[in-house]
Amino acid sequence: MNHLIDLLSIQTPEHLRTGHEHQTRFDCGSFEVNVFETFQSSTKVRISYAGLSISSMIRGYKTVFNKQGNTFKFLPGTSLILPEGETIYADFPEADPNNPVQCATILIPKESMEQQLDYLNEHYPEQGKWALDYDNFHFNNNSALVRAFNELLQVAIQEEPNIPLADLLLKSFLIRLIDAQIQHVQENKTLQMNSQLLVIKKYIRENIGQTLNTEVLMRIGNCSKSTLHRLFETYCGKTPGSYILQERMLNARNLLLQADSNVSDVAYKTGFSSLSYFVKQFKAFHNCTPGDFVRKFGK
């Protein structure tokens with residue numbers, strides 16, 4: 001399941017929306033929050049920070065290249081940590097003024113980060129050693145991490161900074177971050193052991209606009225109906241139908257953010273034959289109609 005950071009309005013003034021990556025900085029005392037926005041396709045952009053960075057993609061994506069030779073898409077629903085002084089490079093293949101890439105990044109100086117972890121280790125030693133897993137640097141968000149990130153963002157972007165509250169929220173955020181890393185590792189191990197579910201989920205992602213029913217998924221996973229439902233209910237916490245609907249709604253959200261998006265086309269591309277049913281499901285999932293969503297967040 002993808003857990004997404006709440007959409008932010010575009011921070012960069014319209015007359016500055018060029019190919020450069022624009023940065024809007026919010027001072028939170030011992031750390032800072034930045035919103036980076038890119039408005040033009042670009043390649044091999046160098047990214048390095050003075051301090052630990054914790055980033056989560058809000059809209060669009062970038063393709064990341066790290067020093068280990070790994071290449072991956074940094075998408076909404078995932079987070080990325082980068083130690084102080086480490087450099088990565090990124091491509092922004094689809095960024096343009098109508099489809100900006102937007103990413104929120106928390107920057108924590110080394111000394112401040114050490115103080116935060118020392119505090120957790122001193123006051124909550126029964127939880128084991130509190131530390132970030134730098135080998136597990138790109139991972140899926142979970143619901144708790146997203147709640148903590150959103151709350152921290154909302155405090156950070158206020159006109160009047162609330163430093164004490166920001167510091168307390170950072171501690172909560174770091175706890176959720178460490179938990180999310182641990183959960184991501186455990187889920188990957190589970191998926192690797194359960195190749196059937198991995199194959200089925202991959203098929204759903206790649207064929208989201210096609211007919212996806214129990215019979216199709218049984219064939220793809222080479223399993224019975226009871227096994228199919230057991231896999232999804234055990235490892236995803238929902239039925240296959242609920243999982244497909246969730247993926248369609250998240251896909252629709254991303255498509256509606258694209259330039260000149262058309263609600264009818266998005267409904268068709270995400271597998272809905274009825275526009276009214278698509279609107280009904282979108283409103284139930286996102287608490288607004290597709291039209292309201294485009295007016296608020298689309299460009």
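Me: Two strands pair if DSSP finds at least two bridges between them. Strands (E, at least two residues) and helices (H or I, at least four) are DSSP runs, numbered from the N terminus. What makes β4 and β7 a pair?

Reply: This is a predicted model, where local features need pLDDT of at least 70, side-chain atom pairs count only at pLDDT 80 or more, and totals for chains, interfaces and linings use all residues. Residues are numbered from 1 along each chain as its sequence is written, and side-chain values use heavy atoms, leaving out hydrogens and water. Now, β4 (residues 52-59) and β7 share four antiparallel bridges, and at least two are needed, so they pair. S53, for example, has L82 in β7 as its bridge partner.

Me: How do you know that β7 also pairs with β10?

Reply: Three bridges join them, again in the antiparallel sense, so the cut-off is met. T78 has N140 in β10 as its bridge partner.

Me: Why is β7 called mostly covered?

Reply: Buried means under 20% relative accessible area (exposed is over 50%, partly exposed in between; 1.4 Å probe, protein chains only). Five of the five residues in β7 (residues 78-82) are buried, so the label fits. T78, L80 and L82 point one way, S79 and I81 the other.

Me: How do you know how confident the predictor is?

Reply: Check pLDDT, its confidence in each residue, from 0 to 100. The protein's mean is 90, and 98% of its residues reach 70 or more. Helix α3 (residues 163-193) has the lowest confidence, a mean of 87, and strand β9 (residues 101-108) the highest, at 96.
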